[in-house]
Amino acid sequence: MSTEKHFINTAQELVLDSLKGFVSTNSHLKLDEENKVVYLKNIDQVKENQVTLFSGGGAGHEPSHAGFIGPGLLSAAVSGHVFASPSSSQVLNCLKRVHSPKHGTIVIVKNYTGDILNFGRAIERFKALQASKNIFDTKVAMVVVGDDVGVINELEEVDVGRRGLSGTIFVHKIAASAAAAGHTFETVEKIANYVANNVFTIGCALNPASVPGSGLPRILAADQIEFGMGIHNEPGFKTVKLSSAKEIVSSMVDVVLSSKLFIKSTQNYTSSGNAKRVSLLINNLGALSNLELGLVSNEAINHTLNSGCQIAHSFQGTFMTGLAMSGISISILVHPSTESEFDISKLIDYPSSAPGWNNHIQVADSSSQSDLAASSDKSASKDLSNVPNSPNKKIWVNIIDSIYATVKEQEPKITELDSIMGDGDCGHVLLSGAESVHAAIHSDSIPIDDTASAISTVSSLLEASMGGTSGAIYCLFFDGVSQHLASLKSNDISHKDWSDSLSVGLQTIQRYSTAKVGDRTMVDAIQPFVESLHSTNFDINAALQAAIKGTESTIDMVPLRGRAVYTGKGKGVADAGATGVCAIIQGLASALANN
């Protein structure tokens with residue numbers, strides 16, 4: 001029986017209050033309250049000896065991910081609000097704190113757009129900070145886990161809908177054990193990617209979970225069960241009549257074993273005739289009794305064995321929840337057909353301890369150096385004393401004023417377009433970002449004498465004022481531009497330098513987003529703009545027309561990315577995000593024409 005009752009003081013304070021209680025009852029941990037980062041108390045010692053690893057995401061999935069911090073497991077975890085990604089600034093703080101200069105750091109992320117964009121942007125910002133210190137060989141890698149086989153698009157070469165579920169715990173355990181065992185950064189990354197690409201999960205639930213402050217999103221009938229329900233209450237792929245546990249669990253295992261991904265993963269076993277060697281993780285989604293969970297484990301193990309698989313390990317417990325969701329998930333990890341490179345079983349058996357995996361850990365406090373590293377850049381801001389009298393001020397003010405005026409004028413149109421195809425906030429969000437940059441340039445808060453730093457500041461302003469997916473995409477773009485400009489080590493920037501920098505900005509977006517031209521997104525305007533600048537020797541007006549043409553082409557496109565995919569609405573109007581990009585470029589072109 002689902003309930004909308006909760007133990008809370010206020011919904012806004014719940015996550016931080018919970019983290020405080022968790023850290024208070026686990027003496028090997030510390031908490032950065034401002035950034036909601038939980039980390040090892042002896043982090044200085046750990047990162048001196050091995051590759052470090054951290055993960056994170058929205059709250060509401062406890063014990064994931066803070067519950068898996070400990071020896072032989074994660075070094076830290078960062079939390080957002082309930083079911084919401086942490087910001088890139090939170091992730092950056094975590095990365096600065098735990099990064100091992102000697103051994104490197106692996107960042108494990110579940111396959112959700114907000115997580116990938118914000119964690120990805122944090123990595124880019126960290127690399128930029130390192131580059132500013134003349135450190136260009138920073139070892140940081142992001143491993144994305146998309147183990148869900150309940151959401152598969154047969155038309156896509158890449159299964160963009162594969163959500164990150166409880167299979168992520170196998171990635172934590174095995175990669176972290178490899179790090180603790182002394183493997184190199186490259187080997188740990190390889191192992192983590194192997195596990196991420198060869199673990200497959202299916203879930204089901206009797207009802208969605210009630211979200212504190214929001215309640216139940218929907219209720220299933222008393223005799224119904226939903227297959228494929230996500231850990232954020234996302235609808236599953238089918239709702240059926242409730243049957244016996246044996247039938248339900250057998251059906252779940254069959255979904256995994258018959259999936260195209262599992263079949264591809266086990267093709268070497270099939271060709272050799274050997275039994276498929278797997279490990280199982282049976283997970284309580286939050287509100288299932290342990291009595292029932294034991295039954296589920298028994299049925300899952302028996303059906304897996306009866307299907308011709310050999311089980312190396314099986315785990316039962318509460319590893320990754322959807323708040324108090326009454327349901328289960330089953331993760332099946334395929335071991336390598338030959339373990340000549342690395343022994344998965346040995347890494348699973350490697351001694352590891354964490355609240356979500358084992359008992360409490362007792363360690364000494366040795367984190368002062370990492371605390372200092374995490375806070376060292378807070379006071380390292382650029383000197384703004386010369387900005388009021390800078391010879392560059394006029395052009396910067398003219399450009400930003402022009403962009404702001406154009407965005408403000410076109411905001412109603414952009415909002416209307418987004419109301420038709422999305423959630424109606426695109427124009428408001430873009431104007432909020434433009435307003436923040438406009439206010440900053442008129443308060444002399446942008447270091448305009450250092451172009452790379454100025455662009456980086458704009459990116460930070462947009463993050464603080466915009467939020468959402470579009471905000472993250474703009475931030476990633478400007479992060480890439482700023483990084484390339486910084487690498488030039490000169491403020492004497494040619495048209496080619498600008499074109500190259502904008503190309504890096506586009507590449508930075510594409511590193512963390514699967515959106516491409518034709519998907520009906522902002523990229524349909526950004527990519528033609530950047531490519532036109534290159535081919536026309538920085539003809540801004542020609543590039544503007546290319547962006548407009550790209551935006552107009554979205555009218556006849558079926559949305560393949562973004563929120564419009566989930567609204568069920570098709571083509572008919574231009575993409576709001578791409579229209580917003582054109583507004584910015586139009587303002588830029590107008591300002592440059594007048595200068």
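In this predicted model, the side chains of R511 and E124 come together in a salt bridge, with a distance of 3.0 Å from nitrogen to oxygen. Between domain 1 and domain 2, the rule identifies four salt bridges across the interface. Polar contacts across this interface of domain 1 and domain 2 amount to 10 residue pairs, with both residues of a pair at pLDDT 80 or more.

On the side of domain 1 that touches domain 2, the elements that supply two or more residues are α3, spanning 88–98, and α4, spanning 113–132. Of these contributions, the largest share belongs to α4, which gives 11 residues to the side of domain 1 that touches domain 2. When that side of domain 1 is sorted by class, it holds six nonpolar, seven polar and five charged residues.

To place this interface within the chain as a whole, one can turn to the division of the protein into domain 1, covering 13–349, and domain 2, covering 391–593. The contact draws 18 residues from domain 1 and 17 residues from domain 2, while the C-alpha centres of the two domains are 33 Å apart. As for the surface involved, domain 1 and domain 2 bury about 1400 Å² between them, and 53% of that area lies on carbon and sulfur atoms. The description of the interface thus joins this buried area with the four salt bridges and the 10 residue pairs in polar contact.

Conventions: Residues are numbered from 1 along each chain as its sequence is written. This is a predicted model: local features need pLDDT of at least 70, side-chain atom pairs count only at pLDDT 80 or more; totals for chains, interfaces and linings use all residues. Side-chain values use heavy atoms; hydrogens and water are left out. Domain bounds come from an automatic or database domain assignment. Contact means heavy atoms within 4.5 Å. Buried area is the accessible area (1.4 Å probe) that two parts lose on being put together, summed over both. A polar contact is a pair of N or O atoms within 3.5 Å; within protein, one must be able to donate a hydrogen and the other to accept it, and residues adjacent in sequence count only if both atoms are side-chain atoms. Helices (H or I, at least four residues) and strands (E, at least two) are DSSP runs, numbered from the N terminus. Ala, Val, Leu, Ile, Met, Phe, Trp, Tyr, Cys and Pro count as nonpolar, Asp, Glu, Lys and Arg as charged, and the others, Gly among them, as polar.
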